[in-house]
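Work through the exercises below with the sequence and the structure in view. Each task is followed by a solution in steps.

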Amino acid sequence: MPAPKVWVTGLTVGAIAAVAVLAVQADKGPRPPAVASKPHASASAGAQPHATKTKSPAAVPGGSGTGRRIVYSLGRKTVWLVDASDAARRTFAVWPGTVAPAPGAYTVGTRTEGPITGSDGVKIEHIVYFSVSSGVNIAFSNAVDGTSPPPASGTRTGGIRMKAADGTALWTFATAGTKVAVVK
């Protein structure tokens, strides 16, 4: 009979091998569909973003181009980070400012990591500029504290705000020159 120490070692190696086999099998199994993340409520009732429910929230809108890009839907208040194979890698709801970009094709220009104070007085970070509309800079960003109150009354803002985790993901994805498609 083998010594107990050797027997325990054999059982441990066998258990590790079984777990590895199960992990490989699980990795090949079905995956749950991607879902849009929703920013949490802020202190203001009007600050809730709205994303229209569709059959597949991760489906990239038609007419938004091809290849690696950011797609921003004005009507759905949703952003898609799309890879080179035209697959949505991340989809999330946003809070738009009071000035919107016109539908069309843009590219990421200047980026500012921040934090800085936005035009509405909120501390923001991960600012990704891609357009100017009516003299107002249009950019994606997230509030440092994770909230997004409605823009101050009478203030013209072009910030498209999102949750902090989504802002970090967009910041990493949106290098200078990245295509941005704005759709209705």
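**Exercise 1. The burial of two phenylalanines and their pairing**

Task: State whether Phe130 and Phe140 are buried or exposed, and describe the aromatic pair they form.

Solution. The model is a predicted one.
Step 1. Phe130 and Phe140 are both buried.
Step 2. Their rings are stacked, with centres 4.9 Å apart and 20 degrees between the planes. The angle is under 30 degrees, the cut-off for stacking.
Step 3. Phe130 belongs to strand S7 and Phe140 to strand S8 (residues 136-143), so the pair links distant parts of the chain, ten residues apart.

**Exercise 2. The other aromatic rings**

Task: Find how many aromatic pairs there are, and which residues make up the aromatic cluster.

Solution.
Step 1. The count is three aromatic pairs.
Step 2. One of them joins Tyr106 and Phe130 edge-to-face, at 5.6 Å from centre to centre and 70 degrees between the planes. An angle over 60 degrees is what edge-to-face requires.
Step 3. Tyr106 is in strand S4 (residues 104-107) and Phe130 in strand S7 (residues 123-133), so this pair ties together parts 24 residues apart in sequence. Tyr106 and Phe130 are both buried.
Step 4. One aromatic cluster is formed by Tyr72, Tyr106, Phe130 and Phe140.

**Exercise 3. Charges over rings**

Task: Name the ring over which the charged end of Arg111 sits, and the ring whose face Arg68 lies over.

Solution.
Step 1. For Arg111 the ring is that of Trp171, and the charged end is 3.6 Å from the ring centre.
Step 2. For Arg68 the ring is that of Phe173, with 3.9 Å to the ring centre.

**Exercise 4. Salt bridges**

Task: Give the number of salt bridges, then work out what Arg69 ties together through its partner.

Solution.
Step 1. There are four salt bridges.
Step 2. Arg69 pairs with Asp86, and their closest N and O atoms are 2.8 Å apart. That distance is within the 4 Å cut-off.
Step 3. Arg69 lies in strand S1 (residues 69-73), while Asp86 lies in the loop between strand S2 (78-82) and strand S3 (88-93), so the salt bridge ties together parts 17 residues apart in sequence.
Step 4. Arg69 has 4% relative accessibility and counts as buried. Asp86, at 34%, is partly exposed.

Task: Do the same for the salt bridges of Arg89 and Arg90.

Solution.
Step 1. Arg89 meets Asp83, at 2.5 Å from N to O. Arg89 is exposed at 59% relative accessibility, whereas Asp83 is buried at 15%.
Step 2. Arg90 meets Asp166, at 2.8 Å from N to O. Asp166 is in helix H2 (residues 164-173) and Arg90 in strand S3, so this pair links distant parts of the chain, 76 residues apart.
Step 3. Asp166 has a relative accessible area of 1% and is buried. Arg90 is partly exposed at 31%.

**Exercise 5. Backbone details**

Task: Locate the cis peptide bond, and give the phi values of Lys77 and Ser134.

Solution.
Step 1. The cis peptide bond joins Gly114 and Pro115, with omega about 5 degrees. Pro115 is in the loop between strand S5 (111-112) and strand S6 (116-117).
Step 2. Lys77 has phi near 55 degrees, a positive value in a residue other than glycine. Lys77 is in the loop between S1 and S2, and is partly exposed at 30% relative accessibility.
Step 3. Ser134 also has a positive phi, near 55 degrees. Ser134 is in the loop between S7 and S8, and is exposed, with a relative accessible area of 60%.

**Exercise 6. The chain as a whole**

Task: What are the element counts of the protein chain, and what is its mean pLDDT?

Solution.
Step 1. The protein chain has two helices and ten strands. From the N terminus, their order is α-β-β-β-β-β-β-β-β-β-α-β.
Step 2. Of its 184 residues, 35% count as buried.
Step 3. The mean pLDDT is 77, and 67% of the residues reach 70 or more. Over residues 6-55 the pLDDT is below 50, and this stretch has 43 contacts in the model beyond near neighbours in sequence.
Step 4. The accessible surface is about 10200 Å², and 61% of this belongs to carbon and sulfur atoms.

Conventions
Residues are numbered from 1 along each chain as its sequence is written. This is a predicted model: local features need pLDDT of at least 70, side-chain atom pairs count only at pLDDT 80 or more; totals for chains, interfaces and linings use all residues. Side-chain values use heavy atoms; hydrogens and water are left out. A salt bridge is a side-chain nitrogen of Lys or Arg within 4 Å of a carboxyl oxygen of Asp or Glu. Helices (H or I, at least four residues) and strands (E, at least two) are DSSP runs, numbered from the N terminus. Buried means under 20% relative accessible area, exposed over 50%, partly exposed in between (1.4 Å probe, protein chains only). pLDDT is the predictor's confidence in each residue, from 0 to 100. Contact means heavy atoms within 4.5 Å. Rings of Phe, Tyr and Trp (its six-membered ring) pair if their centres lie within 6.5 Å; planes under 30 degrees apart count as stacked, over 60 as edge-to-face and the rest as tilted. A charge sits over a ring if NZ of Lys or CZ of Arg is within 6 Å of the ring centre and within 35 degrees of the ring normal. Accessible areas come from the Shrake-Rupley method with a 1.4 Å probe; for residues, only the protein chains shown count as cover.
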